[in-house]
Amino acid sequence: MATTTVRRPAAAALSPASAVAGTGTLLRFMLRRDRIRFPAWTLGLALLMTYFATALDTIVKSPEDLEGLTAFSGSPAGALFGGPGFGFDQLTIERFLAGQYGLYVAIGAGLMGLLTVVRHTRAEERSGRAELIRANVVGRHAQLTATLVLTAAMAVLVGLLVAATMASRGFDAGGSLLFGASIGATGLAFAGAAAATVQLSEYPRAASGLAGAALGAAFVLRGLGDMAAVQGSGPSWLSWLSPIGWSQQTAPYVHNRWWPLAISLGFAVAVGAVGYALSTRRDFGAGLVRPRPGSPRAAGWLASPLALALRLHRASLIGWSAALLVAGLAYGSFTQPLLDGFADAPEDLVAVMGGSENLLDGYLGTMGLTMALVVGVYAVLAVQSVRAEETDGRAEPVLATAVSRTVWLASHVAVAAVGALWLLLVAGLGMGAGAAISTGDAGLIGELLLGHLAHAPAVWLVLTAAALLYAAAPRALPVIWVLLGWGLIAGYFAPILDIPDAALRLSPFAHIGEYPLEDISLVAVAVLTVLSAAVFQAAVAVFRRRDLTGRA
């Protein structure tokens, strides 16, 4: 009996077309899934830029008003929180918007890029949906390709919307287009970085954490380099190691340089190519870095929901601790150079930073607020990880035992609350040590520890508000980012944007005081702590009454 064997040509199996087969179908599916996230990201970033432009139009009525903005924005502190300040010697509204506020829109674009890539690649593999998709006629690289196409479309749309926002106000069309392109390029750069990090670990949180660490490092390097450039001494070249720095070096409305964007695009292509190459060297669902095998027997200390929560949050806490310690040391080490740079500063600049006798305290107080906002990001991500425990099906087996919903949720929130306090302590210690070494004043360590720890109740309120959103409407959890975003705007830009006191008080971080510049309000500490406890109680009550969900 004769048999016939039909073999598929090897060339067809290995052709580029087969590797990306089904990309168009997957792209349509992703657009369907992101029908809310896509416009929320793109329109949200454009509206943020619109808000900045509208607020400045409201408060800047004369050249004297612009001079007041120049004093701070062209200083080392302004470079740290805004950028190198191109063209600030002849400041205009558009130059100020691009040079000072463009940084925060660029950071938002970077977050958009990395989170979108992780959501549609590693998170899909982890949930099991990607396996069902790959069982069809779908190429190995189709998922990543469709994701990068989607992210590129979001970045391009953000760039066009920002450019249209600026051009609609009568600003130079070429500079507006370049400014929008620089924002989109940042999103592409960190999307490419995420394409590589998702290949390393099998866990979405680890992948997004690595890409987020790259974004944080880019912010720190850019800040240190720009401060050095404004001062005229120091490692100003550090800005050129940062994708955010490449976008700012385009200098819209001043030099209108397009060529730095080639570095951003080259970086995005290079790290994206690394992502493709690494994906062929790992098994589906696995990461290149294998998780460490656990002990065949559980330790005795794990026999409680609180211990389990600590074990789940441990890796995140270690990574955040190391990052905040390094960042604190880096920013603290610039304390004395910053003071030297203000030696001949104009009076209006000195007033912004707290007065001639409190210049040091003004800088340290601002950095305390900065670190508190960063720890607030950790708190929100901690709650998102709790939701992942539920949607991935790991919470249900735990709750099927004698563990109550109250204890389960309380354990995770308690670990996150103590973790936030620990991170504030680590950040304060790093900042204090760096400032003490820079200035020779060891007493700054204690002041900065106190100033950082004082913000804990504000972070706890963000944490418990996120827990309440998770308990009541898990899909609405991303709304909590609005609270953190407003805290950033109110904390940094209130003096410049002339924000009303009533709106300013909506930020949890606006009540305690920026010690050592301002006294710590013990009343605010007590009220925020009690309010956090009340919000947590509400979260527990709501969580006990809703059904668990097994899908994202």
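The expected span of a helix is 1.5 Å times one less than its number of residues, and this is the yardstick for helix α15, which covers residues 305-332 of this predicted model. With 28 residues, α15 reaches 38 Å from its first C-alpha to its last, close to the 40 Å expected at 1.5 Å a residue. The helix nevertheless has a kink of about 45 degrees, and that kink is centred on His313. His313 is also one of the buried residues of α15, a list that begins with Ala307 and Ala309 and continues through Leu317, Trp320, Ser321 and Leu324 to Ala327, Gly328, Ala330, Tyr331 and Gly332.

A residue of another helix can be placed relative to α15 by way of Leu329. Ile437 lies in helix α20, which runs over residues 405-439, and its C-alpha atom is separated by 9.4 Å from that of Leu329, although the two residues are 108 residues apart along the chain. Ile437 itself counts as exposed, because its relative accessible area is 71% and the cut-off for exposed is over 50%.

Helix α10, residues 142-167, offers a view of a buried position. Thr151 lies in this helix and has a relative accessible area of 2%, so it is classed as buried. Leaving aside neighbours within four places in sequence, Thr151 is in contact with Gly113, Thr116, Val117 and Ala191.

From here the reader may turn to the enclosed spaces of the model. A search of the whole structure finds 3 cavities of 30 Å³ or more, and the largest cavity has a volume of about 200 Å³. Its lining is made up of 14 residues, of which Glu125, Arg134, Arg140, Ser279 and Arg282 lie nearest the centre. Two elements, α9 (129-134) and α10 (142-167), each give two or more residues to the lining of this cavity.

The loops deserve the same attention. Ser201 is found in the loop between α11 (173-197) and α12 (204-231), where it is buried, with a relative accessible area of 12%. The side chain of Ser201 reaches the backbone nitrogen of Tyr203 at 3.1 Å, and, when residues up to four places away in sequence are not counted, Ser201 touches Arg122, Ala206 and Gly287.

The loop between α13 (243-248) and α14 (259-279) contains Tyr253, and Asn256 has its place in the loop between α13 and α14 as well. Tyr253 has a positive phi of about 70 degrees although it is not a glycine, while Asn256, also not a glycine, has a positive phi of about 50 degrees. How buried or exposed are the two residues, Tyr253 and Asn256? Tyr253 is buried, because its relative accessible area is 9% and buried means under 20%, whereas Asn256, at 31% relative accessibility, counts as partly exposed.

Further along the chain, a backbone feature of another kind appears at a proline. The peptide bond from Tyr515 to Pro516 is cis, with omega near 10 degrees, and Pro516 is found in the loop between α24 (501-504) and α25 (522-543).

Note on methods: Residues are numbered from 1 along each chain as its sequence is written. This is a predicted model: local features need pLDDT of at least 70, side-chain atom pairs count only at pLDDT 80 or more; totals for chains, interfaces and linings use all residues. Side-chain values use heavy atoms; hydrogens and water are left out. Helices (H or I, at least four residues) and strands (E, at least two) are DSSP runs, numbered from the N terminus. The bend at a residue is the angle between axes fitted to the seven residues ending there and the seven starting there. Buried means under 20% relative accessible area, exposed over 50%, partly exposed in between (1.4 Å probe, protein chains only). A polar contact is a pair of N or O atoms within 3.5 Å; within protein, one must be able to donate a hydrogen and the other to accept it, and residues adjacent in sequence count only if both atoms are side-chain atoms. Contact means heavy atoms within 4.5 Å. On a 1 Å grid over the protein atoms alone, a cavity is a set of points where a 1.4 Å probe fits but cannot get out, and a pocket is an open set with protein on both sides within 12 Å along at least five of seven lines; lining residues have an atom within 4 Å of a point. Grid points are joined across faces, edges and corners, and a volume is the space filled by probe spheres set on the points.
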